[in-house]
Amino acid sequence: MSEPVKGPASYFPSIEKKYGRPVAEWTELIRTSPLTKHMELVSWLKSEHGLGHGHANALVAHTLAETRG
């Protein structure tokens, strides 16, 4: 039996279902954005792409953690 997914990744199935784009596409958008600060990126995803706060926050947290190691 596998461990349940925790943290930001737990949002990924609902993000893909609700917005119709794979998580890899969202993370690429975040990586290529000229913005670098967490809350700037969250606000941008909300205003420009219509994401809810929790979904935007999860994507940004995951992407920045991956990028910054």
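Helix 2 and helix 4 are among the elements that cover the buried residues of helix 1. Keep in mind that this is a predicted model. Below is a quick look at helix 1 first, then at how helix 2 and helix 4 meet.

**Helix 1 and its two sides**

- Helix 1 spans residues 12–19, and its buried residues are F12, I15 and Y19.
- Those three sit on the same side of helix 1, because the arc they cover around the axis is only 60 degrees.
- Flip to the face turned away from that buried side and you'll find P13, K17 and K18, which are exposed.
- Right after helix 1 comes G20, with a positive phi of about 70 degrees.

**Helix 2 against helix 4**

- Helix 2 (residues 23–32) packs against helix 4 (residues 53–68) at an angle of about 70 degrees, and their axes are 10 Å apart.
- Angles of 65 to 115 degrees count as roughly perpendicular, so helix 2 and helix 4 are roughly perpendicular to each other.
- As for handedness, the crossing of helix 2 past helix 4 is right-handed.

**Who touches whom**

- On the helix 2 side, the contact is made by V23, W26, T27, I30 and R31.
- Helix 4 brings L59, V60, H62, T63, E66 and T67 to that contact.
- Sort the residues of this helix 2–helix 4 contact by character and you get five nonpolar, four polar and two charged.

Terms used
Residues numbered from 1 in each chain as written. Predicted model: local features only at pLDDT ≥ 70, side-chain atom pairs only at ≥ 80, totals over all residues. Heavy atoms only, no water. Axes fitted to C-alpha atoms, helices over the stretch in contact; angles between N-to-C directions. Helix = DSSP H or I, 4+ residues; strand = E, 2+ residues; numbered from the N terminus. Parallel < 35°, antiparallel > 145°, perpendicular 65-115°, else oblique. Left-handed = near helix turned anticlockwise from the far one by under 90°. Contact = heavy atoms within 4.5 Å. Nonpolar A, V, L, I, M, F, W, Y, C, P; charged D, E, K, R; others polar. Buried < 20%, exposed > 50% of the residue type's maximum accessible area, 1.4 Å probe, protein only. Arc of directions from axis to C-beta.
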